[in-house]
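Welcome, and please open the model in your viewer. We will go from one selection to the next and say what is there at each stop.

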Amino acid sequence: MKMLVVDDSRMARRILIGMLPESLRNSAEIHQGVNGEEAVTLWREQSPDLIFLDLTMPVMDGFDALVAIRAQDPDTPILVVSADIQAGAVAKVMASGANGFIDKSKLTAELHDHLKRLGFL
Ligand SMILES: [Mg+2]
């Protein structure tokens with residue numbers, strides 16, 4: 001299984017990867033990107049089974065990357081992981097085809113629930 005983790009913060013990527021259940025972390029091929037443009041490129045090149053996407057990033061933000069990927073790929077699960085939990089941002093992300101929204105500050109509590117819901121656990 002292939003996973004794509006896109007966040008402009010190396011620390012945030014490391015934390016997320018570190019929180020993955022061991023079974024997934026050890027078996028998954030994990031690719032990392034630092035902005036939305038890389039998310040789109042890596043999605044095209046790697047065909048990941050699951051994408052984690054930050055919203056606030058330079059060059060191209062996560063929202064534009066989500067829209068660009070969804071325009072061509074209705075199926076690959078995309079979980080947005082962001083500290084921007086304003087209702088407007090969450091609604092916009094979900095309406096654009098994300099499969100879930102994880103509040104960065106609640107990553108520990110929410111990550112496993114989303115993985116389970118999407119059938120990865
Ligand atoms: Mg960011």
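Our tour begins inside the protein, where the largest cavity holds about 40 Å³ of space. Keep in mind that this is a predicted model. With the threshold set at 30 Å³ or more, the count is 1 cavity.

**Stop 1: the cavity lining**

Please select Val-5, Val-6, Asp-7, Ala-12, Arg-13, Leu-16, Phe-52, Leu-53, Asp-54, Val-81 and Lys-104, the residues that line the largest cavity. Now colour them by class: 7 are nonpolar and 4 are charged, while no polar residue takes part.

Which elements supply at least two residues each of this lining? Show β1 (2-6), α1 (10-19) and β3 (50-53) as cartoon, and you have them. Of these, α1 gives the largest share, with 3 residues.

**Stop 2: α1 against α6**

Stay with α1 and add helix α6, residues 107-117. The two helices pack with their axes 10 Å apart, at an angle of about 55°. An angle of that size falls between the 35 degrees below which helices count as roughly parallel and the 65 degrees where roughly perpendicular begins, so α1 and α6 are oblique to each other. Their crossing is right-handed.

To see the contact itself, show side chains for Ile-15, Leu-16 and Met-19 on α1, then for Leu-107, Thr-108, Leu-111 and His-112 on α6. This contact comprises 5 nonpolar and 2 polar residues, with no charged ones. You have met Leu-16 before: this residue of the α1–α6 contact also belongs to the lining of the largest cavity.

**Stop 3: α3 against α4**

Next, hide that pair and select helix α3 (residues 36-46) together with helix α4 (residues 62-72). How far apart are their axes, and at what angle do they pack? The axes are 8 Å apart and the angle is about 25°. Because angles under 35 degrees count as roughly parallel, α3 is roughly parallel to α4. This crossing, too, is right-handed.

For the contact, pick Gly-36, Ala-39, Val-40, Trp-43 and Arg-44 from α3, and Ala-65, Ala-68, Ile-69 and Gln-72 from α4. By class, you will find 6 nonpolar residues, 2 polar and 1 charged.

**Before you close the viewer**

For a last view, bring α1 back on its own. This helix supplies the largest share of the cavity lining and packs obliquely with α6.

How values were computed: Residues are numbered from 1 along each chain as its sequence is written. This is a predicted model: local features need pLDDT of at least 70, side-chain atom pairs count only at pLDDT 80 or more; totals for chains, interfaces and linings use all residues. Side-chain values use heavy atoms; hydrogens and water are left out. On a 1 Å grid over the protein atoms alone, a cavity is a set of points where a 1.4 Å probe fits but cannot get out, and a pocket is an open set with protein on both sides within 12 Å along at least five of seven lines; lining residues have an atom within 4 Å of a point. Grid points are joined across faces, edges and corners, and a volume is the space filled by probe spheres set on the points. Helices (H or I, at least four residues) and strands (E, at least two) are DSSP runs, numbered from the N terminus. Ala, Val, Leu, Ile, Met, Phe, Trp, Tyr, Cys and Pro count as nonpolar, Asp, Glu, Lys and Arg as charged, and the others, Gly among them, as polar. Axes are lines fitted to C-alpha atoms, for helices over the stretch in contact, and angles run from 0 to 180 degrees between N-to-C directions. Angles under 35 degrees count as roughly parallel, over 145 as roughly antiparallel, 65 to 115 as roughly perpendicular and the rest as oblique. A crossing is left-handed if the near helix is turned anticlockwise from the far one by less than a right angle, and right-handed if clockwise. Contact means heavy atoms within 4.5 Å.
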